[in-house]
Amino acid sequence: MSITHAILGILSWKSVTGYDLKKIIQESPFMYWSANNNQIYKSLVQLLDEGFVTCEIQHQESLPSKKIYTITEEGLSELKDWVVSTPEPPDLKNSFLIQLAWADQLSAAELNALFTKYEEEVRTQILLQQEQKLRGPFSPGRTAREIYLWDMIYDNLIDFYKREWEWIQKLRSELRVPMEKEENQMKVQVIERGTKKYVECASTETALRTGQDALDLIAACFENDTNLLVLHAETLSDDFFNLRTGLAGEMLQKFMNYRVKAALILTNEQVVKGRFKELLSEANKGNDFRVFGSTGEAEEWLLSF
C-alpha cells in the first residue's frame, strides 16, 4: 500500500487541503506514514497527474490562498480497485524481537531492564489507544457499518498491545526474570477550567528520574481524559537539568510521541544555564513543551489548545 491510497480514501470522505491531510494521517493510529509535507505534496502531484484528484484554489482575505483537493470519479474507481485487491499479510516490524534474538549475552539484571523498557512502551500504547477509543474513534461516520468498521480498527490495535503484554509476561515467567519495578508515588491532581482540564504534578515521593516516570505522567493524563500536563521543577531530579544524562531529551520525546502538551513551572533560574538554557529557548518556540515562571502563565498557554 502506498500513501496515495490513504489520501484517496480521505478525499473520498471530503475535500481537504494538504495541511488537513497531513493532520489526519499524523493523528491516525493505523496510517503509519510519517506524513511529512514532502510525502503529502509529492503524492498529491502524482494523483493530479493521473487525474485521480482535482485542485481548486480558494482565496482568503488577509490570509494565504488554500488549495482544496477533491477526488474524481477516476480516483474513486482507483480507490475501490485497491480496496477489493488481495490484502497484504500483516507487516511485522518489531525491532525488540531483533534485540531479543541476541539477548542471551545479557545478565539477569540487564535482561530485566530490557523487558521493563519494552513493557513501559506497551503499557502506554494500551492506555493511548483505549483513551482515543473512549473519546470516540475518528471516523467519517457516514453509515452505521462504517462507524463499526472504524471502531473495530481500534479494537484490533488495543488487542494487539494486550497480546504483546501477555507475551512479555510469559517470557518473564519462563525465563524466571521477575519484574523489579520501583514505584514512584506521584501526587497528581486534575484541574478543571470550564470545559477543559489538565493534570498537575506538584510533588513526588522521589524525584522523577526515568523514562518510566514520564510514561506514568502520560498515563495519568490519559486516565483523566486530557493531554495537558503541568509539571513543577521541584519534582524533577538534577539529572533532568544536566543534558549529559539524556533524561530531559528522553522525557520530552515521550511527551511528544504521545501528544501530551507539557508546561514546566520553573522558579529557580540557577538551574537554567549552559546547554539546558539553549534547550528551553528552543522548546519555547514550539507548541509541545514550554517553560513558565508561574502556574497562571502555564495554564493560560495550555488552555489555549
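How many bridges join strand β4 to β5, and in which sense do the two strands run? Select residues 196-204 for β4, then add β5: three bridges join them, and the strands run parallel. The model on screen is predicted.

**Stop 1: the sheet**

Widen the selection to β3, β4, β5, β6 and β7. In that order they form an open sheet of five strands, with mixed pairing. Colour β3 (186-193) and β7 separately, since these two stand at the edges; each has a single partner strand, so one side of each is left without a neighbour in the sheet. Direction ignored, neighbouring strands of this sheet are turned by 25° against each other on average.

**Stop 2: strand β5**

Now select residues 228-232, which make up β5. Are its residues buried or exposed? Five of its five residues are buried, and the strand is mostly covered. Show the side chains. In a regular strand the side chains alternate between the two faces of the sheet. In β5, Leu228, Val230 and His232 lie on one side and Leu229 and Leu231 on the other, and all are buried. Both faces of this strand are therefore covered, given that buried means under 20% relative accessible area.

Two residues of β5 lead to its partners. Pick Leu231 and look across to β4, where Cys201 is its bridge partner. Then pick His232, whose bridge partner in β6 is Ile265.

**Stop 3: strand β6 and on to β7**

Select residues 261-265 for β6. Five bridges join β6 to β5, and the two run parallel. Five of the five residues of β6 are buried, so the strand is largely enclosed by the rest of the structure. Turn the view to compare its faces: Lys261, Ala263 and Ile265 are buried on one side, Ala262 and Leu264 on the other.

On its way to the edge of the sheet, β6 pairs with β7 in the parallel sense over four bridges. To find one of these pairings, select Leu264 and its bridge partner Val291 in β7.

**Stop 4: the loop before β7**

Step back along the chain to Asn287, in the loop between α11 (274-283) and β7 (289-292). How exposed is Asn287? With a relative accessible area of 40%, it is partly exposed. Leaving aside neighbours within four places in sequence, Asn287 is in contact with Lys261, Trp301 and Phe305. Lys261 was met above as one of the buried residues of β6. For a distance check, pick the C-alpha atoms of Asn287 and Leu302: they are 15 residues apart along the chain and separated by 9.3 Å.

**Stop 5: helix α8**

Select residues 211-223, helix α8, and pick out Gln212 within it. Gln212 is buried, with a relative accessible area of 9%. A C-alpha to C-alpha line from Gln212 to Phe276 spans 22 Å, with the two positions 64 residues apart in sequence numbering.

**Stop 6: helix α1 and its two partners**

Move to residues 3-13, helix α1, and add helix α4 (residues 73-83). What is the angle between them? The two pack at about 120°, with their axes 10 Å apart. The range for roughly perpendicular is 65 to 115 degrees, and α1 and α4 are therefore oblique to each other. Their crossing is left-handed. To see the contact, show His5, Leu8, Gly9 and Ser12 of α1 with Gly75, Leu76, Glu78, Leu79 and Trp82 of α4. By class, this contact has four nonpolar, four polar and one charged residues.

Keep α1 and swap α4 for helix α2, residues 18-27. Here the packing angle is about 110° and the axes are 11 Å apart. That angle falls between 65 and 115 degrees, so α1 and α2 are roughly perpendicular to each other. The residues to show are Ile3, Ile7, Ile10, Leu11 and Trp13 of α1 and Leu21, Ile24 and Ile25 of α2. This contact divides into eight nonpolar, no polar and no charged residues.

Key. Residues are numbered from 1 along each chain as its sequence is written. This is a predicted model: local features need pLDDT of at least 70, side-chain atom pairs count only at pLDDT 80 or more; totals for chains, interfaces and linings use all residues. Side-chain values use heavy atoms; hydrogens and water are left out. Axes are lines fitted to C-alpha atoms, for helices over the stretch in contact, and angles run from 0 to 180 degrees between N-to-C directions. Angles under 35 degrees count as roughly parallel, over 145 as roughly antiparallel, 65 to 115 as roughly perpendicular and the rest as oblique. A crossing is left-handed if the near helix is turned anticlockwise from the far one by less than a right angle, and right-handed if clockwise. Contact means heavy atoms within 4.5 Å. Ala, Val, Leu, Ile, Met, Phe, Trp, Tyr, Cys and Pro count as nonpolar, Asp, Glu, Lys and Arg as charged, and the others, Gly among them, as polar. Buried means under 20% relative accessible area, exposed over 50%, partly exposed in between (1.4 Å probe, protein chains only). Two strands pair if DSSP finds at least two bridges between them.
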